[in-house]
Amino acid sequence: MTTIKEIAAKSGYSPATVSRLLSNDPRLSVTSETKSKILKVANELGYFKKNSNKITNLRPEIALLYRVNGNEQLQDEYFSFLRDALKKVAKEKEINLTIFTSVSELVKQASIFQGFLGVGTAEISYKELERLHDVLPSGIFIDINPAPSLFDSVQPNLELTVQDAIEKLLSRGYTNLGYIGAESFTLDHKPQRDIREITFTEYCKTRGVKKTEVFAKGIVSVKNGYQLAKEVVTKLGKSLPDAFIIASDTLSVGVLQYFNEVGIRVPKDTAIISINNSEVAKYISPPLTSYNIDQVALSKLAISVLLMRITNYELPKVHVTMNTDLIVRKSFN
């Protein structure tokens, strides 16, 4: 078993300092760099494998890499709420959380942290993530998974969400289904099919749904939702699907704006099931039936996975999904 003396010898600090730090002595005053170095050495020597509860008691220094585009208020609000949920959970666990909006700034100050949480979808390169991994290998991305070979992730289970929405529509007798969504993007910002669209198409085939319509391109924004709804009406006129599954509430707001303008009544002419259950979902007309992503639960799960990673660098990368639940309002009931 790894001893305090072994950790002290390799880290360059006195056994007394190491012992007091690992015992979480509240009277001990050391710099973040000192704390980080001792914890790193303790981890490398396998100390936490036998004392897995210690890292939580030590309240590690954690960075929050918060990257939003700032171009789409409703989409950014989702990540804003997620940021606030992480701050709340960290405070409850007495974990210090320092916010960064730049990867390069986090890389410069990486030595004072034991791990990081990543939130947001602003553009980032794989080279930046590799540099971050070199100096701070313990990291977890939340709601996205930009570099699964480098970092862990925790995400809502969007595949199961779409499958559940299809099942609920079929159980109510809807046989002609539509999907409205955006594209997802690679790290070099090349568009690709989103998992929600892929799941809709494939699961409808599996369930024998013969009539489907898919409108999916562009980014997640109110403007794009409005434009996609316009394309729906241009192509289909009043012969709409019985119901649409829409990839996010942000898109749904734009869709409803256009539908209201041209006199399409929801849910009478076509029903809508959305995803995210953002604050706006309750207040638009009609209020959106939407799948709720529990951001507090997502935050708790992410921090738990990160603490596990901090205590054991060598574990295979972990990618966890969390179920959503449907909040029924007037767009589908």
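In this predicted model, 6 strands come together as an open sheet, running in the order β9-β6-β10-β11-β12-β14 with mixed pairing. The edges of this sheet are taken by β9 (211-216) and β14 (325-327); each has a single partner strand, so one side of each is left without a neighbour in the sheet. Averaged over the sheet and ignoring direction, neighbouring strands are turned by 20° against each other.

Strand β6 is a convenient place to begin a closer look. This strand, residues 176-181, pairs with β9 in the parallel sense over 6 bridges. Along that pairing, N176 stands opposite K211 in β9, and I180 stands opposite F215 in β9. Helix α11 (residues 222-236) packs on the sheet, where it touches β6, β9 and β10 (243-246), and its direction makes about 140° with that of β9. β6 also pairs with β10, again in the parallel sense, over 4 bridges; here G178 stands opposite F244 in β10. As for accessibility, β6 is mostly covered, with 6 of its 6 residues buried. Both faces of the strand share in this: N176, G178 and I180 are buried on one side, and L177, Y179 and G181 are buried on the other.

A second open sheet is also built from 6 strands, in the order β2-β1-β3-β4-β5-β13, and its pairing is parallel. Its edge strands are β2 (97-100) and β13 (319-322), each of which pairs on one side only. Neighbouring strands in this sheet are turned by 20° against each other on average, direction ignored. Within the sheet, strand β4 (residues 139-142) pairs with β5 in the parallel sense over 3 bridges, and I142 stands opposite V154 in β5. Helix α13 packs on this sheet and touches β1 (62-66), β3 (115-119), β4, β5 and β13; the direction of α13 makes about 165° with that of β5.

These two sheets belong to a chain with 13 helices and 14 strands. The C-alpha atoms of the chain fill a box of roughly 75 × 35 × 30 Å along the principal axes. Of the 333 residues in the chain, buried residues make up 50%. Among contacts with a separation of 6 or more, 71% are accounted for by residues 24 or more positions apart.

Attention now turns to the open space in the model. The largest pocket holds about 1,400 Å³ of space. It is lined by 43 residues, of which T121, I144, S184, F185 and D194 are the closest to its centre. Several elements, namely α6 (73-92), β5 (152-156), α9 (158-171), β7 (184-185) and α10 (195-206), each supply at least two residues of this lining. The largest share of the lining comes from α6, with 4 residues. Sorted by class, the lining of the largest pocket has 16 nonpolar, 17 polar and 10 charged residues.

The second largest pocket holds about 330 Å³ of space. Its lining has 22 residues, and those closest to its centre are K40, V135, L136, P137 and Y313. Helices α3 (32-44), α8 (126-135) and α13 (295-311) each supply at least two residues of the lining of this pocket, with the largest share, 6 residues, coming from α3. By class, this lining is made up of 10 nonpolar, 6 polar and 6 charged residues.

Enclosed space was examined as well. The count comes to 1 cavity of 30 Å³ or more, and about 40 Å³ of space lies in the largest cavity. The residues that line this cavity are I62, A90, I95, L97, L117, I303, L306 and L307. Helix α13 supplies the largest share of this lining, 3 residues. The lining of the largest cavity has 8 nonpolar residues, with no polar and no charged ones.

Helix α13 thus appears in several parts of this description: it packs on the parallel sheet, supplies at least two residues of the lining of the second largest pocket, and gives the largest share of the lining of the largest cavity.

Definitions and conventions. Residues are numbered from 1 along each chain as its sequence is written. This is a predicted model: local features need pLDDT of at least 70, side-chain atom pairs count only at pLDDT 80 or more; totals for chains, interfaces and linings use all residues. Side-chain values use heavy atoms; hydrogens and water are left out. Two strands pair if DSSP finds at least two bridges between them. Axes are lines fitted to C-alpha atoms, for helices over the stretch in contact, and angles run from 0 to 180 degrees between N-to-C directions. Contact means heavy atoms within 4.5 Å. On a 1 Å grid over the protein atoms alone, a cavity is a set of points where a 1.4 Å probe fits but cannot get out, and a pocket is an open set with protein on both sides within 12 Å along at least five of seven lines; lining residues have an atom within 4 Å of a point. Grid points are joined across faces, edges and corners, and a volume is the space filled by probe spheres set on the points. Ala, Val, Leu, Ile, Met, Phe, Trp, Tyr, Cys and Pro count as nonpolar, Asp, Glu, Lys and Arg as charged, and the others, Gly among them, as polar. Buried means under 20% relative accessible area, exposed over 50%, partly exposed in between (1.4 Å probe, protein chains only).
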